[in-house]
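Student: I would like to learn how to read a structure such as this one, step by step. Could we go through it together?

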Amino acid sequence: MSASLDRGLNAFKEQIDAPVAAFFSSCVRCGLCASACLFYTETGNAAYTPIHKLEPLRRVWQQEYTFWGRYAKAFGLSKPVTDEELTDWETLVYDSCTLCGRCSMVCPVGNDIAYMIRKMREGMAAAGHAPEGLIGATKRAITIGSPMGVKLPALQAQIRHAEKETGLSIPVDVEGAEYMLLLSSMEIMNFPEFISAVAKIFKQADVTWTISSEAFEATNSGIQIGVSEIAAELVERVVAAAEKLKVKSVISPECGHAYMAIRWEGPNLIGRPYSFKVVHILELLDELREQGRLKITGKETQRLTYHDPCQISRRGGVVQQPRNLMDMVAENFVEMPETGTMNWCCGAGGGVSSNERADDLRLKVFNRKRKQLDAITPDAIVSACSNCRIHLEEGLEEYGMEIPVLSLTETIAEHLAEDKS
Amino acid sequence: MSETELLLWVRGPALQIATIIFLLGVVVRIAEILMLGRKKDLAEARGSAVAGGLRTIISRSIPDRATLQRSLFNEVAGYIFHIGFFVTLLFFAPHILLFQDILGVSWPSLPTPLVDAVTVVTIIALLAVLVHRLLHKVMRFLSRFQDYLVWLVTILPLVTGYLAFHRVGIATPTMLITVHVLSVELLMVIFPFTKLMHAFTLFMARYYNGAIAGYKGVNS
């Protein structure tokens, strides 16, 4: 056995806990998870059945942690997991799963399949079976501080630009601010309007905030590729900056997996609770709305829908807040069929968008989103994840659909009442 | 050994052995799951894990509407054979007498003609499930030897019970009942080693699923 395979199988063993054992014990191979997965429904390829993507992990569980399996292994009656198999499974685990977790909502015996895929990636990465694109992004995140290679000067340029545009000063490294805002590289590079939007909203709502020049990157490719040590190091950077600036809360921006990383996985990765809170920007905006601190004029009259980023709603728990905010700014807010925690993934989450090998596949499975949109024919789509946004734009172009994709935060900023002061 | 002696052995020592394997096996399987443990979640909770877990144990019995439409056959046939199996097992008068013998408790039975009809429907549903497994692209792809074995040992008690009750003339009534009891014992013996375990572990799986989601404030 090669050293890397050994490392991978050991990582599998370490990842298996009581929930995983309960899940594998319960699977009756009914195949319902396939009907919940856009990679199956849009390709008809049975290999994309979610539970099948876990087969090597299941065998390790069976051979190591079941009474019968241990004996079968001892007598050479069971087939050990091989390196070739892991090679075959690489595309199933990384290219055809966005960790969207829709299968976990549908499984009749209650298996949280996405929870297991996340764990399986730890073993795949340890065995040297992670995709090139994700390895590159992860290396850049560690050495440069951003998976897209965005450095501080790039952020500073965008901040200067936002300050000129809004006439407001964007606080950087301000100690004692209430909130520290994180950004995703994609926001910095492709959607810098987000920074202006936040500045305008926080000015009106009188929120004290800051950006840290030492830890502004919210994304965490460590959790996408499945290397907990790297994921933990990226979380530690944010924790150190938040503690240094003595902020009460850290704001996770419009990015799905960033929220999963910093809000839910973060404390578990570093092995201790935070001394500050983590809120998603939509949670904070909804709180401000409730407190009457957001003054809106002139609602959107277009037919708008909201696309739930999986890690923010289904896997993250921010479901109602965007709907309250949509009602605040839109007169004509329509829901897609199967929305909220049952929304269909755009097809690019969970590291799939950083994995060039999956480019064709993710555009193909976007067909599921097309069908959902066709059912309600909106004038524009609002979302809260720049990765979803980019992929929605690409997918819409691919399918010849002309629907603009907006950010919820930016939409709110555009409708702020003029400050009279 | 006469037919009567064989029946006595099957209903006596054989049933005891099968029961011991069944109970011990189930306990070991559940214990080996629980012993793996679970790390404490250090993120600040938004909702209750326990409430979410208990909620999902119940709520996962009912599919969401779109899934029901997409997998209508699977859902309907699945409900029928599960409910039918338990009705036959638990509400057939002679079965209740046996449970009373062993456990000392009894409960009202359903009219025998009704249980008889339920048995037929259940057998048909199980046959349909097998055909579906063989024809459906995903199910055929996922299926292993065990899936067919489990199907067989599940349908056998129903079929042999039906034959015994109607005293179908392919064998003596004594032999028919002997075969029926043996088929139940076969089911009990392979139970802990196969996916039949889901009858117990699905409550754990649903609990964990609901707890993981509930902690984050999601109803799963």
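Student: Does K246(A) count as buried or exposed, and how many C-beta neighbours does it have inside 10 Å?

Tutor: Before we begin, keep in mind that this is a predicted model. The general idea is to count C-beta atoms around a residue, where 20 or more within 10 Å make it buried and 12 or fewer make it exposed. K246(A) has 12 such neighbours, and therefore it counts as exposed. Its place is the loop between α15 (228-244) and β3 (249-252) of chain A.

Student: What is the phi of K246(A)?

Tutor: Phi of K246(A) is positive, near 55°, and this residue is something other than glycine. R29(A), also not a glycine, has a positive phi of about 55°, and it sits in the loop between α2 (18-26) and α3 (32-35) of chain A. The surroundings of R29(A) are described by another count: it has 20 C-beta neighbours inside 10 Å, so it is classed as buried.

Student: How many helices and strands does chain A have?

Tutor: Chain A has 22 helices and 8 strands. To judge how such a chain is packed, one can set its radius of gyration beside the value that a rule gives for its length. For chain A the radius is 22 Å, close to the 22 Å that the globule rule gives for 421 residues, so the chain is as compact as a globular protein of that length. Its C-alpha atoms fill a box of roughly 80 × 50 × 35 Å along the principal axes, and buried residues make up 57% of the chain. Of the contacts in chain A between residues at least 6 apart in sequence, 83% join residues at least 24 apart.

Student: Which residues of helix α18 of chain A are buried?

Tutor: In α18, which covers residues 320-329 of chain A, the buried ones are Q321(A), P322(A), L325(A), M326(A) and V329(A). A useful way to read such a list is to look down the axis of the helix: the buried residues of α18(A) fall within an arc of 135°, so they line one face of the helix. What these residues pack against is a set of elements of chain A, namely α17 (281-290), β5 (300-307), β6 (330-333), β7 (380-383) and α22 (408-414).

Student: How far apart are T411(A) and L325(A), in sequence and in space?

Tutor: A separation in sequence and a distance in space have to be read side by side. T411(A) and L325(A) are 86 residues apart in sequence, and 9.8 Å apart in space from C-alpha to C-alpha. T411(A) is found in helix α22 of chain A, and because it has 19 C-beta neighbours inside 10 Å, it counts as partly exposed. Leaving aside residues up to four places away in sequence, T411(A) touches E300(A), V329(A), V382(A) and L406(A).

Student: How many helices and strands does chain B have?

Tutor: Chain B has 10 helices and 0 strands. Its C-alpha trace spans about 70 × 35 × 35 Å along the principal axes, and buried residues make up 30% of its 220 residues. Among the contacts in chain B with a separation of 6 or more, residues 24 or more positions apart account for 77%.

Student: Where does helix α8 of chain B bend?

Tutor: To read a helix, one can look at its span, then at its bend, and then at its neighbours. α8(B), residues 145-165, has 21 residues and reaches 31 Å from its first C-alpha to its last, close to the 30 Å expected at 1.5 Å a residue. It bends by about 25° at I155(B), and a proline, P157(B), follows within four residues. Both I155(B) and P157(B) are buried, as are V150(B), L158(B), G161(B) and A164(B). The buried residues of α8(B) pack against α4 (72-91), α6 (112-135) and α9 (173-190) of chain B. Just after this helix, R167(B) takes a positive phi of about 45°.

Student: How many residues does each chain bring to the contact between chain A and chain B?

Tutor: The contact takes 46 residues from chain B and 48 residues from chain A. On the side of chain B, α1 (3-34), α3 (65-70), α7 (137-142) and α10 (198-215) each supply at least two residues, and the largest share, 9 residues, comes from α10(B). Sorted by class, the side of chain B that touches chain A has 19 nonpolar, 12 polar and 15 charged residues.

Conventions
Residues are numbered from 1 along each chain as its sequence is written. Chains are lettered from A and ligands numbered from 1 in the order in which they are written. This is a predicted model: local features need pLDDT of at least 70, side-chain atom pairs count only at pLDDT 80 or more; totals for chains, interfaces and linings use all residues. The arc is that of the directions from the helix axis to the C-beta atoms. Two residues are in contact if their C-beta atoms, placed from the backbone, lie within 7 Å. The radius of gyration is taken over C-alpha atoms; the globule rule is 2.2 Å times the number of residues to the power 0.38. Ala, Val, Leu, Ile, Met, Phe, Trp, Tyr, Cys and Pro count as nonpolar, Asp, Glu, Lys and Arg as charged, and the others, Gly among them, as polar. The expected span of a helix is 1.5 Å times one less than its number of residues. The bend at a residue is the angle between axes fitted to the seven residues ending there and the seven starting there.
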